[in-house]
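Got your viewer open? Here is a short tour, one selection at a time.

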Protein chains: 2
Amino acid sequence: MEQELVIGIDIGGTKIDVGLIEPSGKILERMRIWTNVHEGLNAVVQNIYDAIEKVTAGIKTSIRGIGIGAPGQVDVKNGIVLFAPNLKWKDVEMKRIIHERYRLPVEIENDANCGALAEAKLGAGSKSNNLIWITVGTGIGGGIIIDGNLIQGANFAGGEIGHMTMKKNGPVCGCGNKGCLEALAAGPAIIHQIRKKINSGTQTTILKVVDNDLNRITVEIAANAADVGDSLSLKVLNKAGEYLGIGVTNLANILNPEVIILGGGVMEVAGHHLLKIIKDTVQNRALSVAKNNLKIELSKLGNDAGLIGASLLVQRSA
Amino acid sequence: MEQELVIGIDIGGTKIDVGLIEPSGKILERMRIWTNVHEGLNAVVQNIYDAIEKVTAGIKTSIRGIGIGAPGQVDVKNGIVLFAPNLKWKDVEMKRIIHERYRLPVEIENDANCGALAEAKLGAGSKSNNLIWITVGTGIGGGIIIDGNLIQGANFAGGEIGHMTMKKNGPVCGCGNKGCLEALAAGPAIIHQIRKKINSGTQTTILKVVDNDLNRITVEIAANAADVGDSLSLKVLNKAGEYLGIGVTNLANILNPEVIILGGGVMEVAGHHLLKIIKDTVQNRALSVAKNNLKIELSKLGNDAGLIGASLLVQRSA
């Protein structure tokens, strides 16, 4: 019997990935389009239609359904994106919209939750029913799976791991709070720390790489500089890693998961530095019962976790 | 038809409460005995037997079963207290021991989880399926109910809310970590702060109350002093309340519950000061989606939450 395929859609503030995906998680066809939030909902939806039609062009296998990951608060029961600041969407009935066009089963979930699902089923957390997925990029988000179920929360807002307060009077976060993990350890925080140290006169090989243009500094450049022993980069990455490690410690103590998986852009380029510091911090700080047998790993699915997880929504509900 | 009754047992490091309890949570008979950990497991168990026999003496109603709450790590599936430092118990097969004596259904659960169950079913969180119970006393513990289920964790160690790191280089905690919520806001931390301020010369009405004997300071005395405007007491309680508020904020952001309930000895005597500060802190710090509709309340069951929750274990499993 031929396998049915699923369409996965991972909607981000900048880009949208659309894929034709096997139940095994193998992506057969894929396409990336710009979100172009400023063009408005209808234009975005039209672009998604176009991408779906391109990835399914010429495909004779039947399509089982469409799974969608979206940033923000998603009412999974009714298939509504309640609030997605990055998309400027409020109460968008995405499930109905997509269903009316394709007459296929449609499921929608928060994008970080999709990542958690994918890692739990096919990635670094395979075979685990108790798993936390942390994505470190421009922001820090997360998805929590307990006893095999995603924690949605009372308002579909569970998993906001990036907004744990780490430092009572720390730097102001995008959310308005002070000292959030995101404000201390996400990509922009790392870059901000590097610029601050350069501005205060600290020596670094980074300056040469960016031709003295501080706007060109990226986490990848810092990670590369750290690889060759740049002490400023090492110091800043160590500090971010320590805060991430405290965040992981808190989650381990509160939820006692089997596996914590770290992914996202920052982990992709600097994970080889950060993971060791995160693990050491957990070793130093977590309760024995919480850290014994706890696996802390880098994502195996990388950027595809959200897309693959979106496709799994349909298989899960079938 | 006559209601069946349940025997509830709440085992603590200092005392053990045994009660004869209606399904409604009403305690018909109760007895408190000292744990006397130093006398060893057999003596403790014998004392529990004696107490059970006393609370059931003359009762003709049939007993449905026995529910036990114990501190520490409890394997609820096999009914084993895996590790309870306060009791010096390791791998104690409590369910088997009690079952062999009474031939009744026996259930056992972590004591903080019992408290969460009781508040969710009969207390401040009635009718909520997403609830966090925080007990603030000598330590800070917690029980988390998501979608109606207790979070046990992979090693039966979920809910260790008191060991969230609040301050990277804060005071050393009993667990070995630095800056845990427990080390900043539990009873001993509050008393320590008061003594420290007195030793550094701060004026307070407390000194008169305790006859200049700093060993006699309690949280209750501090709360009473704060009631009449003692500025040292107010400052120390405000600071503890702020840390508790940050802890509540973190839990709200991570798990998005409907209700967070605070109980335990410190909340009983100082809850009227702390609750307002906790609520204000959450208002200032939590994500809108996490704080909108979030109820933060003091325990309605007080010291009986653990005992009543233990009795609910049997009803739940029946």
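A residue is called buried here if 20 or more other C-beta atoms lie within 10 Å of its own. Keep that in mind, and remember that this is a predicted model.

**Chain A as a whole.** Start by selecting chain A and showing it as a cartoon. You should find 11 helices and 13 strands. The radius of gyration is 20 Å, close to the 20 Å that the globule rule gives for 318 residues, so chain A is as compact as a globular protein of that length. Turn it around: along its principal axes the C-alpha trace spans about 60 × 50 × 35 Å. Of the 318 residues, 55% count as buried. If you look at contacts with a separation of 6 or more, 63% of them in chain A come from residues 24 or more positions apart.

**The five-stranded sheet.** Next, pick out the open sheet of chain A whose strands run in the order 3-2-1-4-8, with mixed pairing. Which strands stand at the edges? Strand 3 (27-34) and strand 8 (106-110) do; each has a single partner strand, so one side of each is left without a neighbour in the sheet. From one strand to the next, the twist averages 15°.

Now zoom in on strand 1 (residues 5-11) and strand 4 (residues 63-70) of chain A, which pair in the parallel sense over six bridges. To see one bridge, select Ile9(A) and its partner Ile68(A) in strand 4.

**Helices on the sheet.** Add helix 1 (residues 41-56) of chain A, which packs on the sheet and touches strand 1, strand 2 (15-21), strand 3 and strand 4. Its direction makes about 30° with that of strand 2. Then bring in helix 3 of chain A, which also packs on the sheet, touching strand 1, strand 4 and strand 8. Here the angle is about 100°, between the directions of helix 3 and strand 8.

Stay on helix 3 (residues 111-122): at 1.5 Å a residue its 12 residues should span 16 Å, and its end C-alpha atoms are 16 Å apart, which agrees. Is this helix mostly covered or mostly open? Mostly covered: 11 of its 12 residues are buried. Among them are Asp111(A), Asn113(A), Cys114(A), Leu117(A), Glu119(A) and Lys121(A).

**Where the chains meet.** Finally, show chain B too. The contact takes 35 residues from chain A and 35 residues from chain B. On the chain A side, helix 8 (231-255) and helix 10 (288-291) each supply at least two residues, and helix 8 gives the most, with six residues. Colour that side by residue type and you get 14 nonpolar, 16 polar and five charged.

Conventions
Residues are numbered from 1 along each chain as its sequence is written. Chains are lettered from A and ligands numbered from 1 in the order in which they are written. This is a predicted model: local features need pLDDT of at least 70, side-chain atom pairs count only at pLDDT 80 or more; totals for chains, interfaces and linings use all residues. Helices (H or I, at least four residues) and strands (E, at least two) are DSSP runs, numbered from the N terminus. The radius of gyration is taken over C-alpha atoms; the globule rule is 2.2 Å times the number of residues to the power 0.38. Two residues are in contact if their C-beta atoms, placed from the backbone, lie within 7 Å. The expected span of a helix is 1.5 Å times one less than its number of residues. Ala, Val, Leu, Ile, Met, Phe, Trp, Tyr, Cys and Pro count as nonpolar, Asp, Glu, Lys and Arg as charged, and the others, Gly among them, as polar. Two strands pair if DSSP finds at least two bridges between them. Axes are lines fitted to C-alpha atoms, for helices over the stretch in contact, and angles run from 0 to 180 degrees between N-to-C directions.
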